[in-house]
Amino acid sequence: MNIHYYFAIGLWGSGSLLTVQARDYVEEFPIFFVSDGPYSYSNMDKKDYTGVKLNIITLSPPVMGGPTQLHAAQFSELTGAEMNVVTVPLSELFQKVMTPFFTGTPTWDAIIFPPNWAGDIMAPGYLATVPKEMLASPQWQETLPIYRHLTLWGGKTYGIPIDGDKHFLSYRLDAIDNADYQAKFQDKYGYPLQTPQTWSEYRDVAEFFNGWDWDGDGKVEYGSIEMTEPNAQLFWQFVVRAAPYVKHPAVTGGFFFDVEDMTPLINTPGWVRALEDMIQIQAFYPPDGRKFTLADVIYSFGEGEGALQVNWDDGFIQAMGEKSPIRNKVSAALAPGAKQVWNRNTQQWDEFPEINRAPFIAWGGWIMGVPADSPNQQAAFDFLGFMSNPENQAYDLTIGSYGVNPYREADFAPEFWVKYAGFDEKVAKEYTQTLQETLNHPNRVFDLRIPANQLYVNALSTAVSQALTRKATPQQALDRAAKEWDRITLRVGLEQQKQAYRELVKLQERK
């Protein structure tokens with residue numbers, strides 16, 4: 001797509017008109033269109049940051065690190081700024097981000113981090129508030145309220161969204177819609193093959209499509225692809241499984257904790273059943289699938305290695321990429337639900353004639369911030385505004401491995417995905433409808449967003465890993481995690497944690 005812009009300069013002395021071609025950003029950079037917003041290519045091109053060095057920390061490529069490196073190089077070319085992008089694995093990112101704050105040693109001009117760390121980064125005042133002119137920009141105003149909320153702490157805005165996260169089901173259409181497989185599945189399981197509606201159905205579909213070449217590509221395919229590496233994203237893969245067993249639509253007052261006294265709920269029967277399910281589903285992973293990170297899941301599902309995944313958008317987008325062998329052979333649906341839900345008020349399982357859904361707004365979407373001790377705040381905010389401008393965001397959305405998922409109003413238009421990402425119209429409609437249903441669901445679950453978030457995450461991940469490797473029973477493992485969560489809460493401060501969690505529960509229970 002080539003778009004050319006021209007401007008005219010009248011040379012009245014010579015009686016002639018000289019037409020000069022302006023810089024063609026679409027031709028020069030990997031973008032689909034240009035905008036005229038305050039952080040657009042043309043406006044950044046007018047800036048001169050020669051002699052300014054910006055130090056930025058982000059996740060190792062491809063997820064987040066990839067787009068950060070790309071747009072840093074572009075920003076440098078436009079403005080003359082020297083860009084130093086430091087990338088580290090997820091297991092090290094929190095420590096690397098926080099150490100300069102703890103030691104009082106100014107290091108970073110921009111950080112890229114999850115909103116779940118807000119209690120550790122925003123609450124103590126480590127970040128500069130977002131400038132008013134940025135909050136007035138169209139690209140900010142078009143960001144969905146749910147993602148703008150996650151940049152707030154104490155009523156002040158400290159972050160800029162670069163991503164919009166949530167978990168949903170991605171599945172292979174060529175598996176589920178195959179008439180021959182539908183007949184065989186009916187014979188084996190006694191009910192029709194369909195997009196899995198519950199975790200029980202998910203297990204059956206994964207088993208059916210595990211360990212044979214059902215798409216005729218000469219390679220063996222597998223049932224389910226999940227994040228299983230304890231030091232990476234195991235926490236979120238487990239929580240999405242637990243959500244429909246735990247989040248009873250008639251029971252309020254917390255999901256991870258009881259909001260009244262901060263008693264951990266992670267060892268109650270709904271959580272235990274989810275872990276029992278997860279132990280079973282391991283039999284239907286690819287051979288190396290018991291140590292998968294998000295990047296592994298993206299490439300495994302994107303290359304057609306499995307039938308099902310419940311994850312962020314990234315693997316789905318990778319599967320829909322121009323070079324993918326399964327392009328337009330996948331679709332999306334709400335994460336599986338459950339027909340039995342633990343009611344902690346009555347201490348019993350409730351049977352649901354209809355399926356209980358509890359979509360998980362996992363992670364919440366990466367955000368960007370500028371440390372309050374940065375000497376280059378104006379340049380840093382300009383870079384973050386540039387990185388998230390509509391031109392760059394639109395391009396990043398179409399690269400599955402980048403980890404940039406929809407978070408602005410325009411991202412949910414099927415036409416965008418048809419025009420710029422090559423989706424079939426039916427796939428585009430099902431994908432965007434699934435995202436909207438997930439985000440707007442009345443029984444949705446928000447991620448844990450309180451101080452010391454990483455300590456809680458690590459404790460639960462360790463427990464889940466112990467159960468998956470048969471070093472403890474599910475109940476034993478989760479009991480240990482609950483005790484550790486109690487210790488963390490008391491160490492950080494019960495009243496502080498209760499107040500922070502109360503704000504999260506208010507958001508979660510807002511209809």
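**Exercise 1. Determine how the radius of gyration of the chain relates to that of a compact globule.**

Solution. For 511 residues, a compact globule would have a radius of gyration near 24 Å, and the chain has 24 Å, which agrees. The radius is taken over C-alpha atoms, and the globule rule is 2.2 Å times the number of residues to the power 0.38. The C-alpha atoms fill a box of roughly 90 × 60 × 40 Å along the principal axes.

The model is predicted: local features need pLDDT of at least 70, side-chain atom pairs count only at pLDDT 80 or more, and totals for chains, interfaces and linings use all residues. Residues are numbered from 1 along each chain as its sequence is written, and side-chain values use heavy atoms, with hydrogens and water left out.

**Exercise 2. State the secondary structure content, the buried share and the share of contacts between residues 24 or more positions apart.**

Solution. Step one: the chain has 22 helices and 17 strands. Helices (H or I, at least four residues) and strands (E, at least two) are DSSP runs, numbered from the N terminus. Step two: 59% of the 511 residues are buried; buried means under 20% relative accessible area, exposed over 50%, and partly exposed in between (1.4 Å probe, protein chains only). Step three: among contacts with a separation of 6 or more, 72% join residues 24 or more positions apart, where contact means heavy atoms within 4.5 Å.

**Exercise 3. Identify the residues that touch the most other members of the largest nonpolar core, and the helix that gives the most to this core.**

Solution. A nonpolar core is a set of buried Ala, Val, Leu, Ile, Met, Phe, Trp, Tyr and Cys residues joined through side-chain atoms within 4.5 Å. The largest one holds 170 residues, of which Trp271, Trp485 and Tyr501 touch the most other members. Helix α12 (residues 234-246) gives the most to this core, namely 10 residues. Beyond its neighbours within four places in sequence, Trp271 is in contact with residues including Phe238, Val239, Leu460 and Leu478.

**Exercise 4. Establish on which side or sides of helix α18 its buried residues lie.**

Solution. Step one: in α18 (residues 414-421), the buried residues are Pro414, Phe416, Trp417, Tyr420 and Ala421. Step two: these residues cover an arc of only 160° around the axis, so they lie on the same side of α18; the arc is that of the directions from the helix axis to the C-beta atoms. Step three: the face turned away from this buried side carries the exposed residues Glu415 and Lys419. Step four: the buried residues pack against α15 (313-319), α17 (390-397) and α19. After the helix comes glycine 422, with a positive phi near 75°.

**Exercise 5. Classify the aromatic pairs Phe32 with Tyr395 and Phe209 with Trp212.**

Solution. Rings of Phe, Tyr and Trp (its six-membered ring) pair if their centres lie within 6.5 Å; planes under 30 degrees apart count as stacked, over 60 as edge-to-face and the rest as tilted. By this rule there are 47 aromatic pairs. Phe32 and Tyr395 are 6.0 Å apart, centre to centre, with 50° between the planes, and the pair is tilted. Because Phe32 lies in the loop between α1 (25-28) and α2 (41-45) and Tyr395 in helix α17, this pair ties together parts that are 363 residues apart in sequence. Both Phe32 and Tyr395 are buried. Phe209 and Trp212 form a stacked pair, at 6.3 Å centre to centre and 10° between the planes. Phe209 is buried, at 0% relative accessible area, whereas Trp212 is partly exposed, at 29%.

**Exercise 6. Locate the cis peptide bond at proline 62, and determine whether methionine 262 and arginine 470 are buried or exposed.**

Solution. Most residues other than glycine have a negative phi, and most peptide bonds are trans. The bond from proline 61 to proline 62 is cis, with omega near 10°, and proline 62 is placed in the loop between β3 (53-59) and α3 (65-79). Methionine 262 has a positive phi near 65°; this residue is in the loop between α12 and α13 (269-281) and is buried, at 1% relative accessibility. Arginine 470 also has a positive phi, about 65°, and lies in the loop between α20 (453-468) and α21 (474-492). Arginine 470 is exposed, with a relative accessible area of 64%.
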